[in-house]
Amino acid sequence: YVAGRLGLGAAADYALKIGMEEIEADLTAKAARLREGLAGLPGVTVHDIGRKKGGIVTFTKAGRSAAAIKAGLSQRRINVSVSGASSTLFDMSARGLRELVRASVHYVNNTAVLDRLIGAVAEI
């Protein structure tokens with residue numbers, strides 16, 4: 001699969017050009033902004049735990065299934081995924097969770113994209 005190899009090589013070169021520490025700092029700041037924005041919405045709970053949080057932001061919204069949130073975001077051309085209990089059985093069982101919406105922040109995302117996601121979750 002030549003195209004995939006070339007793409008991976010180009011992505012690695014791009015990341016090394018920017019710098020891994022710079023990417024980590026940027027990604028961490030963007031994910032923190034997303035967590036804060038989502039947590040400020042009525043009925044939304046951010047479920048990320050741990051001292052050091054990465055670029056994956058998980059949340060739920062009261063009265064809405066994760067699938068319904070994903071569908072609503074998809075209609076707005078915003079991509080997220082759904083993690084069910086089978087994905088992290090011990091953790092989700094211990095916390096009484098059945099499903100989560102999973103947003104993956106990327107270093108090429110800008111703050112406008114994050115704000116658009118927050119606004120869309122508020123509308124759903």
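# Two pockets, a ring pair and a buried lysine

By class, the residues that line the largest pocket of this predicted model divide into eight nonpolar, three polar and two charged ones. That pocket has a volume of about 220 Å³, and of the 13 residues in its lining, those closest to the centre are Ile-78, Asn-79, Ser-104, Asn-109 and Val-113. Two elements, β4 and α5, give two or more residues each to this lining, and the largest share, four residues, comes from α5.

The second largest pocket has a volume of about 150 Å³, and its lining is made up of His-47, Asp-48, Ile-49, Thr-58, Ser-83, Ser-87, Thr-88, Asp-91, Met-92, Arg-95, Leu-100 and Arg-102. Here the elements that contribute two or more residues are α4, which spans residues 89-94, and β4, so that strand β4 is named for this lining as it is for that of the largest pocket, on the DSSP numbering of elements from the N terminus. By class, the lining of the second largest pocket holds three nonpolar, five polar and four charged residues.

From the pockets we can turn to the aromatic rings, among which the count comes to one pair. The partners are Tyr-14 and Tyr-107, and because their ring centres are 6.0 Å apart and their planes stand at 25°, with stacking assigned to planes under 30 degrees apart, the pair counts as stacked. The pair links distant parts of the chain, since Tyr-14 belongs to helix α1 (residues 2-18) whereas Tyr-107, 93 residues away, lies in the loop between β4 (99-104) and α5 (111-123). As for its surroundings, Tyr-14 has a relative accessibility of 44% and therefore counts as partly exposed, given that this class lies between the 20% limit for buried residues and the 50% limit for exposed ones.

The loop residue Tyr-107 also leads to a lysine in another helix, Lys-30, which has its place in α2 (residues 20-39). Is Lys-30 buried or exposed? At 10% relative accessibility it counts as buried, because buried means under 20%. When residues up to four places away in sequence are not counted, Lys-30 touches Val-105, His-106, Tyr-107, Asn-109 and Leu-114. Two of these contacts tie the parts of this account together: Tyr-107, touched by Lys-30, is a partner in the stacked pair with Tyr-14, while Asn-109, also touched by Lys-30, is among the lining residues closest to the centre of the largest pocket.

Methods: Residues numbered from 1 in each chain as written. Predicted model: local features only at pLDDT ≥ 70, side-chain atom pairs only at ≥ 80, totals over all residues. Heavy atoms only, no water. Phe/Tyr/Trp six-rings, centres within 6.5 Å; stacked < 30°, edge-to-face > 60°. Buried < 20%, exposed > 50% of the residue type's maximum accessible area, 1.4 Å probe, protein only. 1 Å grid on protein atoms, 1.4 Å probe; cavity = no way out; pocket = protein on both sides within 12 Å on 5 of 7 lines; lining within 4 Å. Points joined across faces, edges and corners; volume = space filled by probe spheres on them. Nonpolar A, V, L, I, M, F, W, Y, C, P; charged D, E, K, R; others polar. Contact = heavy atoms within 4.5 Å.
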